[in-house]
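Me: I should like a close look at how the parts of this chain meet one another. Please treat the matter in one connected account.

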Amino acid sequence: MQNDQASRTALLIAASLVLLHRDPKYSDLVSKTAADLCAQILDAHSARTRLFLKIVRQDWFRPIAKLTERITIRGILLHYVLRKKCIADLVRSAVINGAKQVVIIGAGFDPLSFELHQEFQGVHFWEIDHPATQHYKVRTFSKIDAERLHFVGMDLSTTAFDSEALIKNSFDSTERAVWIAEGLLMYLTLERVSSLMRTLKSLSVPGSRFVFTFMEKQRDGRIRFDSQSKLVDWWLCRRGEPFLWGTTRSELVDLVRPWQVVRFSDHDDLRELTSGLAGEPLAKGEVICLAEA
Ligand SMILES: C[S@@+](CC[C@H](N)C(=O)[O-])C[C@H]1O[C@@H](n2cnc3c(N)ncnc32)[C@H](O)[C@@H]1O
């Protein structure tokens, strides 16, 4: 992460949601509320993202986006929206089963907390993110319900997870929680990931859940999407967001302890979430893990 700029990948994901919501083939996968919230972020962030938003909304841009995907990471846009759908389903299920607190770490410009905040009136939400990214979200949505939606800035690469800051912002470690870390852990070192797992467990009563994504290490040890081109490696490094950590499913079972792994969902599972995607390119390499305290 560059310390003075919002995460470029978070902005890219926001633009992807706007793009796919306008595409008749995928529009059902992204709600209008989610697309509108992402559009508000892009509109408010800077003159460049405002221009990009205008372009993304044009029908003629769709084939250009497809072509760009082909030379960067084939199937990444569909991966983003299906990953979000899978995580939202897991979080809704945790809340229906009694979690009263939802904490999204590395939330970026994800609209999930805003959507669930409307849906579940008795639930409290926290968004934790690098201050450089979070600043833009708080600035854009200045009229948020501060009673139930809290923003806590943390740079997780330089300091450990600040439990005190969360508790000061009304988090109750005696209540059941669901934690989310989507598209975040690959930017942290193994030591930081491992310490984060332990800290979150210490704040979680039995029955709490942790939904996170990780990059599955390739056979040659590289940490990247299967279809990722060298251009993307270069871009991530240039933007200060190189992938630092990846693992295998079996290594992860040990690493997450004292959390218990309940389930992994990979590209094949994501494809099953909705009909009509047979034959559609879908990026492979990032896996969703559901763990329980
Ligand atoms: C790829 S984006 C994912 C955003 C969001 N979770 C989503 O999936 O739409 C990565 C997020 O991790 C956050 N992040 C990266 N490094 C971080 C750090 N050192 N401390 C806190 N947050 C960090 C970025 O600010 C950004 O919001």
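What percentage of the contacts in the chain with a separation of 6 or more do residues 24 or more positions apart account for? Please then look closely at where helix H2 meets helix H7.

Reply: This is a predicted model, in which local features need pLDDT of at least 70 and side-chain atom pairs count only at pLDDT 80 or more, while totals for chains, interfaces and linings use all residues. Residues are numbered from 1 along each chain as its sequence is written.

Among contacts with a separation of 6 or more (C-beta atoms, placed from the backbone, within 7 Å), 76% join residues 24 or more positions apart. The chain holds 12 helices and seven strands (DSSP runs numbered from the N terminus: helices, H or I, of at least four residues; strands, E, of at least two). Its C-alpha trace spans about 50 × 45 × 40 Å along the principal axes.

Helix H2 covers residues 32-45 and helix H7 residues 131-140. Their axes, lines fitted to C-alpha atoms over the stretch in contact, with angles running from 0 to 180 degrees between N-to-C directions, lie 10 Å apart at an angle of about 105°. H2 is therefore roughly perpendicular to H7, a term for angles of 65 to 115 degrees. From H2, the residues Gln40, Ile41, Ala44 and His45 take part, and they meet Tyr136, Lys137, Arg139 and Thr140 of H7. By class, this contact contains three nonpolar, three polar and two charged residues (Ala, Val, Leu, Ile, Met, Phe, Trp, Tyr, Cys and Pro are nonpolar; Asp, Glu, Lys and Arg charged; the others, Gly among them, polar).

Notes: Contact = placed C-beta atoms within 7 Å. Parallel < 35°, antiparallel > 145°, perpendicular 65-115°, else oblique.
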